[in-house]
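Okay, hi everyone, thanks for squeezing me in. Let me put the structure up, and then I'll walk you through the parts I'd look at.

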Amino acid sequence: MESILYFFNTLDEKPLFRLGILVIPILVLWFWENGFPLIKLKYKTTKVPHAIINFAFTICHLIIHGLLAVILVKVSDWCVANQFGVVHWLNLPVWGIVLAGVLSMDFFGGWFVHWVEHK
């Protein structure tokens, strides 16, 4: 268990490894889907323009999601340091903190990012 915790605690020191953890599975699945699709789609020309558009959207998503994740962590750290926010004001029990955390992460990490990408 200690080795697993050490591995994840030291990932910030290995940015290329973290990038590989993200990019390699995406590429493997993309090539797999290209070779063995579940549904054969009919493209007007080739699949390449479609793939380029999806790749561009993925890059935009990673940039936007990455920036918003950094902002979210910084705001969260500030709230903890300054005893600011609903969790501190209401003195919630553990289950309330978990519920508030899941709801806020879903809102800011999911819906808000999705909304920003559409804009």
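Let's start at Phe-84, which is partly exposed, with a relative accessible area of 39%. Keep in mind throughout that what you're seeing is a predicted model.

So which ring does Phe-84 pair with? A search of the whole structure turns up five aromatic pairs. In one of them, the ring centres of Phe-84 and Trp-89 sit 5.0 Å apart with the planes at 80°, so we call that pair edge-to-face. Trp-89 itself counts as exposed, because its relative accessibility is 56% and the cut-off for exposed is over 50%. And there's a third member here: Trp-78 joins Phe-84 and Trp-89 to make one aromatic cluster.

Now compare that with another pair, Phe-107 and Trp-111. Here the ring centres are 5.2 Å apart and the planes are at 20°, so this pair is stacked. In general, you describe a pair of aromatic rings by the distance of the centres and the angle of the planes. For these two, where do they sit along helix 5? Phe-107 and Trp-111 are four residues apart in helix 5, which means about one helical turn separates them. As a reminder, an α-helix has 3.6 residues a turn, so residues three or four places apart point the same way. Both rings get some solvent: Phe-107 is partly exposed at 36% relative accessibility, and Trp-111 is partly exposed too, with 47%.

Okay, on to helix 3. Helix 3 runs over residues 47–81, which makes 35 residues. How far apart should its ends be? At 1.5 Å a residue the span should be 51 Å, and the end C-alpha atoms are 50 Å apart, so the two agree.

Right after helix 3 there's something to spot. Gln-83 sits in the loop between helix 3 and helix 4, and its phi is positive, near 50°, even though it's a residue other than glycine. Asn-91 does a similar thing: it isn't a glycine either, and its phi is positive at about 50°. You'll find Asn-91 in the loop between helix 4 and helix 5, and at 66% relative accessibility it counts as exposed. Why point these out? Most residues other than glycine have a negative phi.

Next, pockets. What is the volume of the largest pocket? About 760 Å³. It has 24 lining residues, and the ones nearest its centre are Leu-72, Val-75, Ser-76, Ser-104 and Phe-108. Who supplies that lining? Helix 3, helix 4 (that's 86–90) and helix 5 (94–118) each put in at least two residues, with helix 3 giving the largest share, 10 residues. What kinds of residues are they? The lining of the largest pocket has 17 nonpolar residues, seven polar ones and no charged ones.

The second largest pocket has a volume of about 310 Å³. The elements that give two or more residues to its lining are helix 2 (15–35) and, once again, helix 3. Helix 3 gives the most here, with seven residues. If you want to find this pocket on the screen, look for lining residues including Trp-30, Phe-55 and Leu-62. By class, the lining of the second largest pocket splits into nine nonpolar and two polar residues, with no charged ones.

Last stop, the start of the chain. Tyr-6 is in helix 1, and Tyr-6 is exposed, with a relative accessible area of 57%. How far is Tyr-6 from Lys-47? They're 41 residues apart in sequence and, C-alpha to C-alpha, 42 Å apart in space.

Then move along to Thr-10, in the loop between helix 1 (2–9) and helix 2. Is Thr-10 buried or exposed? It's buried: its relative accessible area is 6%, and the cut-off for buried is under 20%. And what does the side chain of Thr-10 reach? It reaches the backbone oxygen of Phe-7, at 3.2 Å.

That's my tour. If you take one thing back to your desk, take helix 3: it gives the largest share of the lining of the largest pocket, and the most to the lining of the second largest one as well. Happy to rotate anything you'd like to see again.

Technical notes. Residues numbered from 1 in each chain as written. Predicted model: local features only at pLDDT ≥ 70, side-chain atom pairs only at ≥ 80, totals over all residues. Heavy atoms only, no water. Expected span 1.5 Å × (residues − 1). 1 Å grid on protein atoms, 1.4 Å probe; cavity = no way out; pocket = protein on both sides within 12 Å on 5 of 7 lines; lining within 4 Å. Points joined across faces, edges and corners; volume = space filled by probe spheres on them. Nonpolar A, V, L, I, M, F, W, Y, C, P; charged D, E, K, R; others polar. Buried < 20%, exposed > 50% of the residue type's maximum accessible area, 1.4 Å probe, protein only. Polar contact = N/O pair within 3.5 Å; in protein donor to acceptor, adjacent residues only side chain to side chain. Phe/Tyr/Trp six-rings, centres within 6.5 Å; stacked < 30°, edge-to-face > 60°.
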